[in-house]
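Student: I should like to study this structure through a series of questions. May we begin by looking at it together?

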Amino acid sequence: MKDVRAEIGYSERTERRPFFYANAHEKDFVPLKPAEVAIHDARGLDCSLDREGFTLVEHKSAVADLTDLKAVAEVHRGEIVELLKQVTGCDEVVTTPFGILRFSEKSGENEAHDNSHPARFVHVDMAREAAAGMRAKTAPEGKTIARSAQYNVWRSLAGGTQDVPLGLCAYSSIAPDDLLGCDAIFDPLDGSPEWGFP
């Protein structure tokens with residue numbers, strides 16, 4: 001893929017704090033102000049977690065069907081723990097208890113899965129306050145945490161061209177004033193109470 005320029009959905013600053021739902025996007029308040037930006041193909045680039053905030057690695061899973069969330073929980077989670085230890089050099093990894101499958105709208109699969117809609121606007125998956133809360137909640141008993149980080153691990157199951165490709169923003173290209181507070185609201189499909197974090 002060659003580098004391209006395209007419009008990306010950035011949230012417009014208003015007097016009202018934006019919020020979005022994992023499943024009920026009709027309730028979202030994210031007024032968009034698209035901006036044209038340069039998009040580079042990261043494959044083949046020298047990207048590092050410490051500099052850009054993301055990296056690309058090759059990894060082969062022992063799980064044949066990564067849409068099988070039971071197998072993902074039983075096998076793939078451990079694989080990701082080992083991968084993160086190799087890539088970051090950390091000595092402890094705590095994972096969320098579940099994997100998330102994201103689908104193109106064209107697939108018709110989104111309504112049957114929790115939090116499966118692709119986001120179509122620029123966002124940060126975890127704010128500093130939420131990260132601090134997650135760190136306190138998952139700290140190994142009896143251990144002092146000297147340094148911590150939160151990572152998302154993405155794996156494409158589609159292969160080839162995708163209609164909703166994953167885009168990442170290099171950390172070095174962001175200024176503090178670029179950030180805008182927003183609330184993510186998780187509304188599980190099973191009807192349990194909604195919860196969210198900034």
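The questions below concern the core, the aromatic rings, the salt bridges and a surface patch.

Student: Is this model predicted or experimental, and which residues make up its largest nonpolar core?

Tutor: The model is a predicted one. Residues of a nonpolar core must be buried, and their side-chain atoms must be joined within 4.5 Å. The largest such core has seven residues, namely F20, A22, V30, F121, C182, A184 and F186.

Student: Which residues does V30 touch, leaving aside those up to four places away in sequence?

Tutor: V30 is one of the residues of the largest nonpolar core. Contact here requires heavy atoms within 4.5 Å. With residues up to four places away in sequence set aside, V30 touches S11, P18, F19, F20 and F121.

Student: How many aromatic pairs are there, and what is the geometry of the pair formed by F19 and F29?

Tutor: The count comes to three aromatic pairs. In the pair of F19 and F29, the ring centres are 6.1 Å apart and the planes stand at 40°. An angle under 30 degrees would count as stacked and one over 60 as edge-to-face, with the rest called tilted; the pair of F19 and F29 is therefore tilted.

Student: How many residues apart in sequence are the parts that the pair of F19 and F29 ties together?

Tutor: F19 is placed in strand β2 (residues 19–21), whereas F29 is in the loop between β2 and β3 (35–39). Both F19 and F29 are buried. The pair thus ties together parts whose separation in sequence is 10 residues.

Student: Where do F20 and F121 lie, and how many residues apart in sequence are the parts they tie together?

Tutor: F20 and F121 form an edge-to-face pair, with 5.2 Å from centre to centre and 75° between the planes. F20 is buried, as is F121. Because F20 lies in strand β2 and F121 in the loop between α1 and α2, the parts tied together are separated in sequence by 101 residues.

Student: Which residues do ring pairs link into a cluster with F19?

Tutor: F19 already forms a tilted pair with F29. Ring pairs link F19 into a cluster with Y21 and F29.

Student: Which partner of the salt bridge between R43 and D41 is buried, and which is exposed?

Tutor: The closest N and O atoms of R43 and D41 are 2.9 Å apart. Buried means under 20% relative accessible area, and exposed means over 50%. D41 has 15% and R43 has 57%, so the buried partner is D41 and the exposed partner is R43.

Student: Which parts of the chain does the salt bridge of K143 and E92 link?

Tutor: The side chains of K143 and E92 meet at 3.0 Å, N to O. The two residues are 51 residues apart, and the pair links distant parts of the chain: for K143 the loop between α2 and β4, and for E92 the loop between α1 (69–88) and α2.

Student: Which residues are joined into one network by salt bridges that share partners?

Tutor: A search of the whole structure finds seven salt bridges. In one of them, E52 meets R51 at 2.7 Å, N to O. Salt bridges with shared partners form one network of D46, R51 and E52.

Student: What is the accessible area of the nonpolar surface patch that includes L179?

Tutor: L179 is in the loop between α2 (128–138) and β4 (183–186). Its relative accessibility is 51%, so L179 counts as exposed. Together with V124 and I174, L179 forms a nonpolar patch on the surface, and the accessible area of the three is about 270 Å².

How values were computed
Residues are numbered from 1 along each chain as its sequence is written. This is a predicted model: local features need pLDDT of at least 70, side-chain atom pairs count only at pLDDT 80 or more; totals for chains, interfaces and linings use all residues. Side-chain values use heavy atoms; hydrogens and water are left out. Patches are made of residues with over 30% relative accessible area and no salt bridge: like charges are joined within 9 Å, nonpolar side chains (Val, Leu, Ile, Met, Phe, Trp, Tyr) within 5 Å. Accessible areas come from the Shrake-Rupley method with a 1.4 Å probe; for residues, only the protein chains shown count as cover. A salt bridge is a side-chain nitrogen of Lys or Arg within 4 Å of a carboxyl oxygen of Asp or Glu. Helices (H or I, at least four residues) and strands (E, at least two) are DSSP runs, numbered from the N terminus. Buried means under 20% relative accessible area, exposed over 50%, partly exposed in between (1.4 Å probe, protein chains only). Rings of Phe, Tyr and Trp (its six-membered ring) pair if their centres lie within 6.5 Å; planes under 30 degrees apart count as stacked, over 60 as edge-to-face and the rest as tilted.
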